[in-house]
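Hi everyone, thanks for making time today. I'd like to walk you through one chain, beginning with a single residue and working outwards.

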Amino acid sequence: MSKKERGTCVENPAKKNWIKILVIVVAVVLLAGCSAMAYLYSQIAPAFDEGEAGTLNQQTDPDIEAGGDRFYNLLMVGIDYDADDDGRDYAEGKGMTDVIMYVQIDRDNGKVNAFQIPRDTYAGEDVGDGIKTNTGKINEVYANGPDQENKINNLANKIYELFKLPVDDYVLIDMQAFKTMLNNMGGIEMYVPWDIVTVDKETGHEDLVCPQGTHLISGDTAELILRNRNYSTADYKRLETQQYFYAALLKSLLNDYTLADYYSTCKVVAHYIDTSLDITEIWGLYATMLKIDPANIYIVRAPGGAANINGHTQVYYVDRESCAEILNEHFRSLESPVEAEKLGLITGQTYLYGMNIDEGRTMGDVMTNAEEGEAELAASSEAASSEAAG
């Protein structure tokens, strides 16, 4: 009886050849993929550097516990070079920090806490080392501070002076990058929580940039939404609008983005970014953020409101006591709170329109609020259509 008749498999030369071909094809594909990624890395990696922001060397108090290895603290800054922007009282060509957000990753608990600092925050009568301020606002500190070779230290040191928040790394993005990134992504779907209306400073004419509702937001529209301050509570309300943008961006990254998309976007926006991180660290941070549930990403605005202080009009006056409570609860170890008196925030001022205290919310909450707002708009539109038809 032959082997075939006994039921034993006989090696098929044709099948063996196909297996070899398949292995070779897979190997070639993998090699091509690795080569492509290596090429992309070689093209992108050199573009990420500290640039004009310089080397971070924040001065901190040795007696204040920073959280050790538990916390990783990242300062994220959006810088604007628009000479026509409100509040620019110094030489053109110097950027103003239009967006300031302190992001802390709690490694022990797998959570992220983000602290939004209004750009108009009153930062004192000097921008560092006794250099007199122009506006009294924190958004001029980066450009006008004493360290002109490492401008990031001007802002990092002022943030530590005011809030006692240590910075481990920073990412500084030209606001132009927001437009470029969004356009490269083909826009993102965002729920706009209220009508975005801009006002011409010379004529007073109002333009509806984007109505309330869900829209595919392009880079140009995103810039207008992020920068618009035409609200009764100006900077404070603007930060809330930005939360919806962050939620939309996070949702897009979680649902639609691939590693290839990540590298493609990096290649486009890298030249607009100054950072103390290299590309592998940025990738690690990106990968970490994707693993964290939106319900564990908490965002809160600095409490306070508009005030006139020392001749500076309409600055954002942060309430020291409320701020200390927020920072101790969400940004410090329970064993190492920092007393309000140790913060560099002034007291005893009068609010022009009252004080705002933000309880904060998670990105999951923001996404839920967007869905609920969308549903309410749809129901209202349906009711209006029914009424018109009847």
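**A glutamate and its surroundings**

Let's begin at glutamate 189, which sits in strand 5, the run covering residues 188-192. Please keep in mind that we are looking at a predicted model. Is glutamate 189 buried or exposed? Its relative accessible area is 60%, and the cut-off for exposed is over 50%, so glutamate 189 counts as exposed.

Now, which residues join Glu189 in a patch of negative charge on the surface? Its partners there are Glu371, Glu372, Glu374 and Glu376. The biggest contributor to this negative patch is helix 10, spanning residues 363-389, which supplies four residues.

Let's step back along the sequence to helix 4, made up of residues 175-184. Here the picture is one of cover, with seven of the 10 residues buried. You'll find Met175, Ala177 and Phe178 on that buried list, and then Lys179, Thr180, Met181 and Leu182. So we have a lysine among the buried residues of helix 4, Lys179. Directly after helix 4 comes glycine 186, with a positive phi of about 80°.

Finally, the whole chain. It has 390 residues, and 48% of them count as buried. Its secondary structure comprises 10 helices and 13 strands. If you take the contacts with a separation of 6 or more, 70% are between residues 24 or more positions apart. As for the outside, the chain exposes about 19500 Å², and 51% of that comes from carbon and sulfur atoms.

That's my tour, thanks for listening!

Notes. Residues numbered from 1 in each chain as written. Predicted model: local features only at pLDDT ≥ 70, side-chain atom pairs only at ≥ 80, totals over all residues. Heavy atoms only, no water. Helix = DSSP H or I, 4+ residues; strand = E, 2+ residues; numbered from the N terminus. Buried < 20%, exposed > 50% of the residue type's maximum accessible area, 1.4 Å probe, protein only. Contact = heavy atoms within 4.5 Å. Areas by Shrake-Rupley, 256 points an atom, 1.4 Å probe, with all protein chains shown as cover. Patch = residues over 30% accessible without salt bridge, like charges linked within 9 Å, V, L, I, M, F, W, Y side chains within 5 Å. Salt bridge = Lys/Arg side-chain N within 4 Å of Asp/Glu carboxyl O. Lys, Arg positive; Asp, Glu negative; His and termini not counted. Charge placed at Lys NZ, Arg CZ, Asp CG, Glu CD.
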